[in-house]
Amino acid sequence: MVNLLNYNQKQLAQWFADRGEKPFRAKQLMRWMHHFGVHDFEQMTDIAKNLREKLAVDAEITLPTVQLAQVSNDGTRKWLIGTDTANSIETVFIPEDDRGTLCISSQVGCALECTFCSTGRQGFNRNLSVAEIIGQLAIANQTLRQEPGYDMLPAGDRIISNVVMMGMGEPLANYDNVVTAMQIMLDDSAYGLSRRRVTLSTSGMVPAMDRLKEDCPVALAVSLHAPNDALRDVIVPINKKYPLKELMAACNRYLEKAPRDFVTFEYVMLDGVNDTVEHAHQLLALVKNVSCKFNLIPFNPFPNSGYDTSKPNHVRVFRDILMQAGYVVTVRKTRGDDIDAACGQLAGKVLDKTKRTSRHIPIESVD
Ligand code: SAH
Ligand code: SF4
């Protein structure tokens with residue numbers, strides 16, 4: 001049985017063509033599956049009955065399993081999703097006055113070993129399938145639609161206005177599945193999100209950034225975290241492969257594709273490690289030719305991390321230096337900490353139970 005949630009519209013059209021069916025069926029099916037959230041072929045009334053019957057034999061539309069759903073006092077919601085308890089990931093919804101942002105995971109664990117990130121400490125377990133990635137959006141959408149306040153919304157109105165690929169894992173290390181899932185997010189027959197409302201965060205996988213700008217040029221966030229190679233080599237080890245000069249050049253190549261865009265540089269604030277006045281000035285020199293803004297993330301500690309959160313006055317001084325140079329700077333707020341959904345508190349259940357999964361919650365995303 002093939003799970004049709006794994007296909008974008010083009011792939012689905014091919015799948016129909018291979019079966020001697022009309023490729024336009026793909027558009028109808030995308031609307032049913034993703035726009036209306038209908039997963040039972042029987043209910044797809046504009047598809048001929050004999051085709052519906054054939055589909056039910058060959059294919060399925062199956063969402064990943066929700067193990068746990070929680071709601072915070074501040075309205076933040078968190079889902080623990082996975083087929084088995086040793087392999088689960090987390091998805092978080094952050095409601096705000098003018099938007100609703102969903103933070104989606106791309107892998108169980110991560111191979112890139114950033115020293116301040118407990119997902120990195122936990123190591124790599126596996127890539128998520130397209131169905132598991134787009135399924136996080138489907139599950140969140142479906143659940144939220146039943147909530148009082150949202151239940152009266154017309155089917156076409158969006159509760160989730162923004163998606164950020166900032167949950168567990170390095171999205172560009174699961175390139176094909178992440179790109180296919182994002183194409184479904186942008187597809188007018190599916191979720192119809194504009195490409196500026198989908199943000200991908202990467203630790204700086206340069207060749208994949210170049211591919212992304214051709215395949216699916218969504219808003220780009222880059223986890224910078226250090227203003228020089230010596231420090232970045234240690235805290236974001238992928239830097240040894242793709243050092244800062246190459247990374248900055250890749251950011252500019254990305255922006256060529258969308259000249260009015262900017263890159264968001266994420267910068268986790270680690271006490272005494274990367275948060276001094278000197279670091280702020282180095283950072284300004286580093287990014288001077290890149291159209292960008294900054295998102296400072298106070299470090300969320302986890303057991304045995306070896307790091308502390310920067311002092312609030314250091315964060316303020318650092319922010320002000322960047323702002324005085326004319327940059328837009330946001331400092332990420334903590335949301336949902338009563339349900340362990342705040343930055344660094346997410347803990348998808350993984351095989352290695354001795355280590356926690358650290359996640360941050362993006363408050364700021366792209367309009
Ligand atoms: N792998 C991608 C996306 C997932 S991580 C990336 O690295 O960009 C999303 C963001 O959370 C990254 O900027 C990451 O550096 C940050 N992060 C990881 N651990 C954190 C922690 N303990 N406290 C605050 N932010 C953290
Ligand atoms: Fe992986 Fe991102 Fe964590 Fe680095 S910060 S280990 S790339 S999830």
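In the predicted model, strand β13, helix α11 (residues 312-324) and strand β14 form a β-α-β unit of right-handed sense. Strands β13 and β14, the latter spanning residues 329-331, are paired in parallel through three bridges, and within this pairing Leu-296 has Val-331 of β14 as its bridge partner. On its other pairing, β13 is joined to strand β12 (residues 263-269) by seven bridges, again with the two strands running parallel, and here Leu-296 of β13 stands opposite Tyr-267. Leu-296 is thus placed opposite Tyr-267 in one pairing and is partnered with Val-331 in the other. The connection between β12 and β13 involves helix α10 (residues 277-286), and these three elements also make a right-handed β-α-β unit. Strand β13 itself, which covers residues 292-298, is mostly shielded, with six of its seven residues buried.

The loop between β13 and α11 contains Asn-304, a residue other than glycine whose phi is nevertheless positive, near 60°. With a relative accessibility of 73%, Asn-304 lies above the 50% cut-off and therefore counts as exposed. A positive phi, of about 65°, is also found at His-225, which is likewise not a glycine. This residue belongs to the loop between β11 and α8, the helix of residues 229-235. In contrast to the exposed Asn-304, His-225 has a relative accessible area of 5% and is buried, since this value falls under the 20% limit.

A further series of parallel pairings is centred on strand β10 (residues 198-202), in which five of five residues are buried. The burial extends to both faces of the strand, with Val-198, Leu-200 and Thr-202 on one side and Thr-199 and Ser-201 on the other. Strand β9, formed by residues 162-165, pairs with β10 in the parallel sense over three bridges, and Val-164 has Thr-199 of β10 as its bridge partner. Together with helix α6 (residues 175-186), β9 and β10 make up a right-handed β-α-β unit. From β10 the chain then crosses through helix α7 (residues 206-215) to β11, and the handedness of this β-α-β crossover is also right-handed. The strands β10 and β11, the latter comprising residues 219-223, run parallel and are joined by four bridges. In this pairing, the partner of Leu-200 is Leu-220 in β11. The two bridge-forming residues of β10 named here lie on opposite sides of the strand, Leu-200 on the side of Val-198 and Thr-202, and Thr-199 on that of Ser-201.

At the level of domains, the protein is divided into domain 1, covering residues 2-60, and domain 2, covering residues 65-351. The contact between them takes 14 residues from domain 1 and 13 residues from domain 2, while the domain centres, taken over C-alpha atoms, are separated by 32 Å. Within the range of domain 1, Met-30 lies in helix α2 (residues 25-35). Met-30 has a relative accessible area of 0% and is therefore buried. When its neighbours within four places in sequence are left aside, Met-30 is in contact with Tyr-7, Asn-8, Gln-9, Leu-12 and His-35, as well as with Ile-184, Asp-187, Ser-189 and Ala-190. The last of these, Ala-190, is 160 residues away from Met-30 in sequence, yet the C-alpha atoms of the two residues are 5.6 Å apart in space.

A second buried residue, Val-92, with a relative accessible area of 1%, is located in strand β5 (residues 89-95). For Val-92 and Lys-288, a separation of 196 residues in sequence is accompanied by a C-alpha to C-alpha distance of 34 Å.

Ligand 2 is surrounded by 10 residues, of which the closest are Cys-110, Cys-114, Cys-117, Gly-120 and Ser-203. By residue class, the shell around ligand 2 consists of four nonpolar, three polar and three charged residues.

Methods:
Residues numbered from 1 in each chain as written. Chains lettered and ligands numbered in written order. Predicted model: local features only at pLDDT ≥ 70, side-chain atom pairs only at ≥ 80, totals over all residues. Heavy atoms only, no water. Buried < 20%, exposed > 50% of the residue type's maximum accessible area, 1.4 Å probe, protein only. Pairing = 2+ DSSP bridges. Right-handed = clockwise from strand over helix to strand, strands pointing away. Near = heavy atom within 4 Å. Nonpolar A, V, L, I, M, F, W, Y, C, P; charged D, E, K, R; others polar. Domains from an automatic or database assignment. Contact = heavy atoms within 4.5 Å.
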